[in-house]
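Please look at how the chains of this assembly meet one another, and at what kind of surface is left uncovered. The report below takes the interfaces in turn and then moves to a surface patch.

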Amino acid sequence: MSFDLLIHQVFSGLATGGIYASVALALVMIYQATHLVNFAQGELAMFSTYIAWSLLQTGLPYWAAFFLTVAIAFVLGVVIERVIVRPVENAPILSVVIVFIGLLVIINSLAGWIFSYTIKPFPSPFPAQPLFGNRYVSSHELGSIGITLVVLALLFVFFRFTPLGLAMRAAAQNPVSSRLVGIRVGWMLALGWGLAGAIGAIAGIMVAPTVFLEPNMMSGILLYAFAAALLGGIDSPGGAVLGGFIVGVLENVVGSLLGTELKLTVALVLIVGVLVVRPSGLFGRRIVTRV
Amino acid sequence: MNTPSRRVAGLALLLMLACVLPFVVSNYRVFQCTLVLVYAIALLGLNMLTGYNGQISLGHGAFYAIGAYVAAILMDRFGVPYWLTLPVAGAVCAVAGFLFGLPALRFEGLYLSLATFALGVALPQILKYKGIEHWTGGAQGIVIVKPEPPAGVPLTQDQWLYFVALATAVLMFALGWNLLRGRIGRAMVAIRDQPIAAQAMGVDTSMIKAMTFGVSAMYTGVAGALGAIAIQFVAPDSFTIFLSISLVVGIVVGGLASISGALYGAIFIQFIPNVADEISKAAPWAIYGVFLIGFMYVMPTGVAGFIRIAVARWRRRRS
Amino acid sequence: MRHPITRRSVLAAAAALVAGRAVAQAKKYGPGASDTEIKLGQTMPYSGPASAYGTIGKLHTAYFKRVNDSGGINGRKINLISLDDGYSPPKAVEQVRKLVEQDEVLALFQTLGTPSNSAIHKYINAKKVPHLFLATGATKWADPKNFPWTLGFNLSYQAEGQIYAKYLLKNKPAAKIAILYQNDDYGKDVLKGVKDGLGTAGAKLIVAEASYEVTDATVDSQILTLQGSGADTFINITTPKFGAQAVRKAWDTGWKPLHIINNVSASVGSVLVPAGLDKSVGLLTLQYYKDPNDPQWKDDPSMLEWRAFMGRYYRDGDPKDAANLYAYLTVQTMVHVLKACGNDLTRENLMKQATNIRNLKLPLLLPGMSLNTTPDDYFLVKQGQLARFTGVQWQGFGDVLSTGG
């Protein structure tokens with residue numbers, strides 16, 4: 001394989017990796033807030049993208065639709081947490097996972113029913129010409145990565161430097177003590193869901209121009225996003241983004257070098273292999289329990 | 001108190017009903033009930049791992065698939081009689097499960113679920129791989145001939161297969177019950193609830209955990225083999241990640257850490273999709289999702305857990 | 001009393017025999033048929049990874065409603081029992097057993113998907129139930145000797161692949177061919193056709209192959225690999241979403257090969273518009289029915305009739321989705337065969353009529369094409385025409401090709 005092709009694959013991998021990174025960020029977000037991985041996150045992102053698409057169909061300009069959708073997605077996340085997830089708050093973890101699975105199939109089914117299954121093109125806010133006329137990355141791909149990094153930075157600042165972010169982290173880690181300090185744990189969870197919904201919407205809007213909008217858009221991405229989030233360390237947003245890029249590049253290079261017949265298998269084996277060596281992910285913190 | 005004699009009587013009654021069933025319903029229903037038995041065995045396997053031992057597996061469909069393919073390849077390529085494929089499939093999956101369980105020891109909770117999820121997603125691709133195509137039939141799969149009842153037995157094929165499945169299920173359930181209430185079963189639960197304390201008490205957590213993986217895979221593999229014989233067909237599309245997710249749904253809805261839960265869960269995952277399909281053609285899975293969420297609201301500990309609570313409450317009211 | 005259904009059907013058969021002898025005109029009924037009703041069954045992926053094709057079953061249901069509203073076929077209403085199999089073979093087996101053993105349908109119609117049909121193939125032939133017009137193009141459905149009750153519909157995938165290969169051998173014998181294919185029975189079937197068509201001599205023309213799974217997010221990486229092989233010809237064996245991605249990427253990277261796209265992904269509305277009409281200029285494909293988004297058929301009477309139907313009976317259906325036009329063709333064929341049965345609605349006669357279709361020129365087929373079957377030749381669709389995309393529409397060129405049997 002020529003060097004030029006390798007470079008090409010790496011850049012293409014970074015572009016796909018950007019997709020995984022943005023969804024992984026939403027997964028990490030919800031984990032940080034609730035200590036649960038929400039498998040329905042991908043479907044929520046897809047549904048939010050359909051909302052954006054519908055808004056664009058009414059003639060709304062792009063950025064207006066963008067921000068309106070993000071706001072709607074935030075509200076939707078909060079509502080889902082309060083209405084659907086709250087009744088099973090104290091149930092065993094797996095029961096909550098089943099609720100997530102139920103949510104996943106409902107949203108997927110509804111999207112197909114309301115919007116049909118024909119693929120829809122989704123516009124990109126970035127120019128069609130590649131930056132500096134380069135052959136490797138399109139402006140949209142670069143732009144999406146940029147937006148993901150901006151969201152990451154905002155999240156970092158939010159969690160580290162704002163009282164609300166601190167309260168959220170506390171509520172997730174130690175709900176009992178947090179209540180004692182006066183933190184409204186229930187609303188912290190809802191806020192977490194809202195933020196995850198918003199991030200998911202951004203991810204979906206950035207992804208759709210590349211992969212085309214359809215109800216099953218996120219199914220394949222979710223696996224890699226999950227892998228990316230864990231690879232980077234489930235409690236590290238930066239790790240999730242980095243994990244996304246690594247997974248994207250890995251997938252492309254493996255497919256290019258070893259052929260595509262076992263690409264998925266080899267990529268997964270490698271990821272799991274890394275986790276065997278570093279069981280909390282690359283940047284995750286090892287939880288050491290005192291007995 | 002739930003005296004042993006009462007429990008034995010209850011089980012005997014259940015068994016009797018199960019034996020009468022194939023003679024009062026149509027062949028088609030018998031076939032569906034056979035599938036319920038198959039899923040029940042698979043769910044018991046998964047429940048051992050996840051319910052009793054606390055290791056979450058989102059990829060158990062892979063072991064089901066391995067069992068199914070072992071049976072199909074033995075029957076189709078080597079002419080092995082169907083009943084012999086069951087223990088072979090079980091043995092192969094036991095080894096596979098144990099080998100998977102060993103590196104899985106490194107993983108906790110979420111990471112284990114990713115590793116098993118990855119297994120469940122990757123297996124269909126592995127099954128389609130060109131290199132092993134002449135064994136597995138590639139994307140086209142393998143067609144299996146349905147077993148006939150032995151000469152002189154006046155049963156239809158479906159009824160015979162039902163009784164084979166019933167016998168296997170009774171055997172597997174009995175073995176499982178014995179295992180779970182013994183020393184090993186207690187060790188499994190101890191590892192789930194208090195891993196450090198268990199280790200401090202001298203329980204070889206690594207060995208038990210890996211062994212549980214193996215046993216759990218064995219159960220699911222036997223179920224897969226039986227399932228393949230019942231359906232008479234295996235193909236990579238039969239064993240997608242949806243199967244693994246259905247199995248998890250089954251054990252949670254049925255009731256974690258409960259043997260009867262395996263049966264309730266099997267009934268759920270076999271029949272509820274059909275019910276959902278009857279209710280709505282436009283969005284059948286939306287209805288299925290509503291069922292899932294509804295069940296979790298009403299019975300967060302599963303059907304078995306719900307029954308346990310209800311029975312306890314009824315007894316308390318009586319006394 | 002071991003098998004109530006068996007006894008019931010024995011009684012029903014006896015009653016029918018008596019009734020049949022009493023009536024002067026020869027009315028013969030198999031299971032699922034009566035004076036007032038004909039029951040048909042099918043499984044469709046209304047859920048799961050292939051749920052996009054569920055619209056085909058919905059269109060069938062809508063079409064039969066229209067037929068019933070106008071009095072049915074020979075006075076009998078058609079009752080289509082359409083069940084979800086989620087594209088899962090075990091579920092398909094279960095649903096088909098229900099249709100045959102519990103609902104006792106006269107025949108299966110347009111069961112969808114190669115895996116599902118493979119799972120029920122042996123069973124349905126053992127039960128001697130007509131298994132008609134399968135919604136898949138796998139070549140094995142035309143095997144009258146071993147599976148006399150199964151009759152496919154689609155143009156065979158392998159035949160399509162062979163036509164592309166033969167076209168290249170004739171018009172570009174020095175081509176360097178790269179192939180992208182979906183890693184399942186469908187993609188591999190077309191691939192086999194291409195390789196068979198190229199033969200041993202032509203095999204060396206293939207310089208690169210790449211596959212993808214339906215769970216992949218994009219095929220961009222595969223396109224890069226194929227481009228990097230130096231190929232100047234690209235055979236694109238995909239389903240709509242990935243076909244659109246491939247068309248767009250091949251253009252964006254500046255590759256611009258001679259681009260052959262398979263029939264499943266050739267829809268203007270579902271694939272080329274999202275990919276970009278300007279990026280689709282010069283695409284080649286094989287067609288056998290009219291594309292609903294093709295402006296050359298804008299005023300075509302059969303197209304207008306189809307649109308009217310969609311507007312009145314199937315509002316939820318997407319008129320840009322070529323699958324809805326395909327479904328219309330198949331159900332018209334079924335109605336034609338049922339009409340030909342007259343009052344002899346036994347499974348045997350239904351099969352006889354289905355295997356003796358002579359020169360059925362459905363107006364939505366491309367001009368010059370017709371459907372034909374004989375008891376020895378179960379290939380219903382045997383013709384196709386190559387077409388080139390002009391940027392606005394598919395322009396057929398060359399002769400209507402016969403794909404043989």
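What follows describes two chain interfaces and one nonpolar patch in a model that is predicted.

**The two interfaces in figures**

| Interface | Residues in contact | Buried between the chains | Share on carbon and sulfur atoms |
|---|---|---|---|
| Chain A and chain B | 43 of chain A, 38 of chain B | about 3,500 Å² | 81% |
| Chain B and chain C | 36 of chain B, 35 of chain C | about 3,000 Å² | 50% |

The size of an interface is often expressed as the accessible area lost when the parts come together.

**Chain A against chain B**

Between chain A and chain B, 43 residues of the former are in contact with 38 residues of the latter, and of the roughly stated total of about 3,500 Å² that the two chains bury, 81% lies on carbon and sulfur atoms. On the chain A side, the residues that lose the most area to chain B are L94(A), I98(A) and E261(A), which together account for 19% of what that side buries. The rule finds zero salt bridges across this interface, although eight residue pairs are in polar contact, both residues of each pair being at pLDDT 80 or more. At least two residues of the chain A side are supplied by each of α3 (62–85), α4 (93–115), α9 (219–232) and α11 (263–277) of chain A, and α4(A) gives the largest share, eleven residues. By class, the side of chain A that touches chain B divides into 32 nonpolar, nine polar and two charged residues.

**Chain B against chain C**

Chain B and chain C bury about 3,000 Å² between them, with 50% of that area on carbon and sulfur atoms. Three salt bridges are counted between these chains, and in a salt bridge between E133(B) and K188(C) the side chains meet at 3.3 Å, N to O. The count of residue pairs in polar contact between chain B and chain C is 14, again with both residues at pLDDT 80 or more. The elements of chain B that give two or more residues to the side touching chain C are α2 (27–52), α7 (157–181), α12 (259–279) and α13 (284–298), and the largest share, six residues, comes from α2(B). That side of chain B has 16 nonpolar, ten polar and ten charged residues.

**A nonpolar patch on chain B**

Which residues make the nonpolar surface patch of about 530 Å²? The patch is made by Y297(B), V298(B), F306(B), I307(B), V311(B) and W314(B). Two or more of its residues are given by each of α13 and α14 (302–318) of chain B, and α14(B) gives the most, with four residues. Among the patch residues, W314(B) has its place in helix α14 of chain B. Helix α13 of chain B thus appears in two settings, as a contributor to the side that touches chain C and as a contributor to the nonpolar patch.

Technical notes
Residues are numbered from 1 along each chain as its sequence is written. Chains are lettered from A and ligands numbered from 1 in the order in which they are written. This is a predicted model: local features need pLDDT of at least 70, side-chain atom pairs count only at pLDDT 80 or more; totals for chains, interfaces and linings use all residues. Side-chain values use heavy atoms; hydrogens and water are left out. Contact means heavy atoms within 4.5 Å. Buried area is the accessible area (1.4 Å probe) that two parts lose on being put together, summed over both. A salt bridge is a side-chain nitrogen of Lys or Arg within 4 Å of a carboxyl oxygen of Asp or Glu. A polar contact is a pair of N or O atoms within 3.5 Å; within protein, one must be able to donate a hydrogen and the other to accept it, and residues adjacent in sequence count only if both atoms are side-chain atoms. Ala, Val, Leu, Ile, Met, Phe, Trp, Tyr, Cys and Pro count as nonpolar, Asp, Glu, Lys and Arg as charged, and the others, Gly among them, as polar. Patches are made of residues with over 30% relative accessible area and no salt bridge: like charges are joined within 9 Å, nonpolar side chains (Val, Leu, Ile, Met, Phe, Trp, Tyr) within 5 Å. Accessible areas come from the Shrake-Rupley method with a 1.4 Å probe; for residues, only the protein chains shown count as cover.
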